[in-house]
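New to this one? Take a look at the fold below, and then we'll walk through how its pieces sit together.

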Amino acid sequence: MTFESLALNPFILKAINDSGYTEPTPVQAEAIPIVMAGHDLMASAQTGTGKTAAFMLPALHKLSEPPKGPGKGPRILVLSPTRELAQQITAAATKYGKYMRRAKCVSILGGTPYAVQNRLLSGPVDILVATPGRLIDHMQRGKVDFSRLEMLVLDEADRMLDMGFIEDVQLIANATPKSRQTLLFSATLDGKMAQIAKDLLNDPRRVEVASQQDRHESIEQRIHFCDDLGHKGRILDYLLRDTDLKQVIIFTATKRDADLLAGDLFDQGFPAAALHGDMPQGARNRTLTKLRRGEIRVLVATDVAARGIDVAGISHVINFDMPKQAEDYVHRIGRTGRAGATGIAVSLVSHRDGILLKKISSYTGHKIEATVIPGLEPKSRMREAAPRRGSGRDNGRGNNSGKPGKRFSSEPKHAFGHKPKSAGHSGQARNSGASETGFTGPSERRMQERYNTQPAPNRTGEKRKPATRTQRPQRDGWK
Ligand code: ADP
Ligand code: MG
């Protein structure tokens, strides 16, 4: 990807060249074509990833075309939460627009005398960069003409929200033409951002750039090979009992599976709920609020619904079903390890997922070796499948064969950092017989129907009792 391929005005390209930029950053590469095509946009990427140019370059390109209406008011309005940021944006506009005839940029910030600003506003303006409070002062004095405004940009929208500017932003937006194009940039696109976007944006495209390299360092990725759904269920059950697991998002392939699995887990006593696109917005918001408050510990979600969730308590992400695309894998695991915390991402993979795992490792630049939980090892196929697919530098035998599992031997604790429960704990029976547990009774039957798999043999031959909610307080980590 080059700047030339983005079809920007040659004067802008010349200025970019002067800046020494050789290629667009990922957020620029994704956002600029969307903005050039005239769509509204909500975009997130970490600080320092070049978001300013992601909106300023296509904004300047717009200015290279004649204005749509008469007047001398701003054609582009950029709102910023702070003076410092507004100054940086103004500097960027000046830098990237230096070869253009029509790119007069004015900034209206608190702390500057009104007289000076009045004079600036009375002349022709192409780009107006402002903090919301001061701009509203001028609007109320009738000093701002928005009649030819074409584009509204909300930079650092999350901070504007935190700083209490959202009502001001809405007031300003309402004073601009409805025909405008609106862009929202933010470090995160969580539920609140989505609400603001809904109010102010029109059918927005969404760009969310996971800062891949940085992100992955704070996320420990694991895979477990699973023989069948029953095995998967037992591993999941084991993972959910880890005391280090604070909150988890479990991903399923379909909305229906999200509902069913959430129901199963809830029946087993986990504070679980589903989140997917078929739920009414109100229900989704309530679920997210509960998640944020820690009332929900296990969220079972689909890709689309979980995008952008930013909850610091999410210690784990579990891919119950693998995503189809490597990109989705990255979005999923990015729900954990946020805001300086560390996270664990566990994928429950089938022996057929080899190609997908390869794609993921080449996309992330990171190879994940298979982890094995004592007592929950995959059966026969593990020996052939795991080394080839999970680990490139193996001797052709599984992690748990030959030189016994690196993970095992180097980690006396269980693979998941699981602390064995004390004797007499009522959970002990379930856990020590881990391979007999997992999805029980009606749940398991439902799962079998759904996936058409065979239950793992119940070695003790005991009749399983369906889990009841009274078991909830006995679960480690969920007290
Ligand atoms: P953000 O708003 O995402 O925090 P900025 O827009 O402030 O990031 O950009 C951060 C720095 O990256 C700035 O110094 C800017 O000049 C530089 N920059 C922006 N785009 C590019 C690019 N394509 N190549 C190299 N540097 C860039
Ligand atoms: Mg910025």
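Strand S3 and strand S4 (residues 127-130) run side by side in the parallel sense, joined over 4 bridges. One of the pairings to look for is Ser107, whose bridge partner in S4 is Val129. Keep in mind that this is a predicted model.

Zoom out and you'll find an open sheet of 7 strands, with parallel pairing and the order S3-S4-S2-S5-S6-S1-S7. Its edges are S3 (105-108) and S7 (205-208), each of which pairs on one side only. From one strand to the next, the twist averages 15°.

Now for two helices that meet this sheet:

| Helix | Strands involved | Direction |
|---|---|---|
| H3 (residues 51-63) | lies across S2 (76-79), S4, S5 (151-154) and S6 (181-186) | about 165° to S6 |
| H4 (residues 83-96) | touches S2, S3 and S4 | about 160° to S4 |

What about helix against helix? Try H8 (residues 166-174) and H9 (residues 191-200): their axes come within 11 Å and cross at roughly 20°. Angles under 35 degrees count as roughly parallel, so that is what H8 is to H9. The crossing of H8 past H9 is right-handed.

Which residues make the contact? On the H8 side they are Ile166, Val169, Gln170 and Ala173, and H9 brings Ile196, Asp199 and Leu200. Sorted by character, the residues of this H8 and H9 contact come out as 5 nonpolar, 1 polar and 1 charged.

Technical notes:
Residues are numbered from 1 along each chain as its sequence is written. Chains are lettered from A and ligands numbered from 1 in the order in which they are written. This is a predicted model: local features need pLDDT of at least 70, side-chain atom pairs count only at pLDDT 80 or more; totals for chains, interfaces and linings use all residues. Side-chain values use heavy atoms; hydrogens and water are left out. Two strands pair if DSSP finds at least two bridges between them. Helices (H or I, at least four residues) and strands (E, at least two) are DSSP runs, numbered from the N terminus. Axes are lines fitted to C-alpha atoms, for helices over the stretch in contact, and angles run from 0 to 180 degrees between N-to-C directions. Contact means heavy atoms within 4.5 Å. Angles under 35 degrees count as roughly parallel, over 145 as roughly antiparallel, 65 to 115 as roughly perpendicular and the rest as oblique. A crossing is left-handed if the near helix is turned anticlockwise from the far one by less than a right angle, and right-handed if clockwise. Ala, Val, Leu, Ile, Met, Phe, Trp, Tyr, Cys and Pro count as nonpolar, Asp, Glu, Lys and Arg as charged, and the others, Gly among them, as polar.
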